[in-house]
Amino acid sequence: MVEAKAAALARRVGTLAALRKARGLTQAQLTEELGMTQGEVSRLERRENLHLATLARFIEATGDKLKITAVYNDDEVEVGVGDTVAPEPS
């Protein structure tokens with residue numbers, strides 16, 4: 001049972017480099033989309049602490065969208081990240 005949970009978690013947790021590779025992209029392909037050099041993309045993939053906006057840009061550059069969900073017991077709330085969420089109505 002513990003091994004099954006660990007395997008499921010391993011499928012759900014990925015590094016930025018692993019996400020990029022899974023999408024069939026190279027660092028060089030992301031440079032233009034991110035406005036960075038290949039060296040900067042490499043450093044970004046190795047960083048341990050990112051701004052959420054930077055993470056959202058990276059995910060969008062790989063063709064997806066970042067979604068963050070806060071989980072409170074049985075309730076889940078989607079948390080907006082910068083420009084990735086429509087403004088709340090006034």
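Which helices do the buried residues of H5 pack against? In this predicted model, they pack against helix H2 (16–22), H3 and H4. The legends below take up that region and others in turn.

**Figure 1. Overview of the protein chain, with five helices and two strands.**
Counted from the N terminus, the elements follow the order α-α-α-α-α-β-β. The protein chain has 90 residues, of which 22% count as buried. Among contacts between residues at least 6 apart in sequence, 40% join residues at least 24 apart.

**Figure 2. The largest nonpolar core, built from eleven residues.**
The members are Leu-16, Leu-30, Leu-34, Val-41, Leu-44, Ala-56, Phe-58, Ile-59, Ala-61, Leu-66 and Val-81. At least two residues of this core come from each of helix H3 (27–34), helix H4 (38–46) and helix H5 (52–61). H5 provides the largest share, four residues.

**Figure 3. Buried face of H5 and the residue that follows the helix.**
Thr-54, Ala-56, Phe-58, Ile-59 and Ala-61 are the buried residues of H5. Of these, Ala-56, Phe-58, Ile-59 and Ala-61 are also listed in the largest nonpolar core. The packing partners of the buried residues are H2, H3 and H4. After H5 comes Gly-63, which has a positive phi, near 100°.

**Figure 4. Surroundings of Phe-58 in helix H5.**
Phe-58 has a relative accessible area of 0% and is therefore buried. Leaving out residues up to four places away in sequence, Phe-58 touches Leu-16, Arg-20, Leu-30, Leu-34, Leu-44 and Glu-45. Leu-16, Leu-30, Leu-34 and Leu-44 belong, with Phe-58, to the largest nonpolar core. A further pair shown here is Phe-58 and Leu-19, which are 39 residues apart in sequence. Their C-alpha atoms are 9.9 Å apart in space.

**Figure 5. Ala-53 in helix H5, shown with Val-81.**
The relative accessible area of Ala-53 is 48%, so Ala-53 is partly exposed. Along the chain, Ala-53 and Val-81 are 28 residues apart. A distance of 6.5 Å separates their C-alpha atoms. Val-81 is one of the residues of the largest nonpolar core.

**Figure 6. Crossing of H3 and H4.**
The two helix axes come within 8 Å and cross at roughly 100°. H3 is therefore roughly perpendicular to H4. On the H3 side, the contact is made by Gln-27, Ala-28, Thr-31 and Leu-34. On the H4 side, the contributors are Gln-38, Val-41, Ser-42, Leu-44 and Glu-45. Sorted by class, this contact has four nonpolar, four polar and one charged residues. Leu-34, Val-41 and Leu-44 are also among the residues of the largest nonpolar core.

**Figure 7. Gln-27, a residue of helix H3.**
Is Gln-27 buried or exposed? The relative accessibility of Gln-27 is 15%, and because buried means under 20%, Gln-27 counts as buried. Not counting residues up to four places away in sequence, Gln-27 touches Arg-20, Gln-38, Val-41, Ser-42 and Glu-45. Gln-38, Val-41, Ser-42 and Glu-45 are listed on the H4 side of the contact between H3 and H4. Arg-20 and Glu-45 are also touched by Phe-58. Gln-27 and Gln-38 are eleven residues apart in sequence, and their C-alpha atoms are 5.9 Å apart in space.

**Figure 8. Hairpin formed by S1 and S2.**
Strand S1 (residues 68–72) and strand S2 (residues 75–79) run antiparallel and are joined by five bridges. One pairing to look for is that of Ala-70, whose bridge partner in S2 is Val-77. Two residues lie between the strands of the hairpin.

**Figure 9. Asn-73 in the loop between S1 and S2.**
What is the phi of Asn-73? The angle is positive, about 50°, although Asn-73 is not a glycine. Asn-73 is exposed or buried according to its relative accessibility, which is 78%. Because exposed means over 50%, Asn-73 counts as exposed.

Technical notes:
Residues are numbered from 1 along each chain as its sequence is written. This is a predicted model: local features need pLDDT of at least 70, side-chain atom pairs count only at pLDDT 80 or more; totals for chains, interfaces and linings use all residues. Side-chain values use heavy atoms; hydrogens and water are left out. A nonpolar core is a set of buried Ala, Val, Leu, Ile, Met, Phe, Trp, Tyr and Cys residues joined through side-chain atoms within 4.5 Å. Buried means under 20% relative accessible area, exposed over 50%, partly exposed in between (1.4 Å probe, protein chains only). Contact means heavy atoms within 4.5 Å. Axes are lines fitted to C-alpha atoms, for helices over the stretch in contact, and angles run from 0 to 180 degrees between N-to-C directions. Angles under 35 degrees count as roughly parallel, over 145 as roughly antiparallel, 65 to 115 as roughly perpendicular and the rest as oblique. Ala, Val, Leu, Ile, Met, Phe, Trp, Tyr, Cys and Pro count as nonpolar, Asp, Glu, Lys and Arg as charged, and the others, Gly among them, as polar. Two strands pair if DSSP finds at least two bridges between them.
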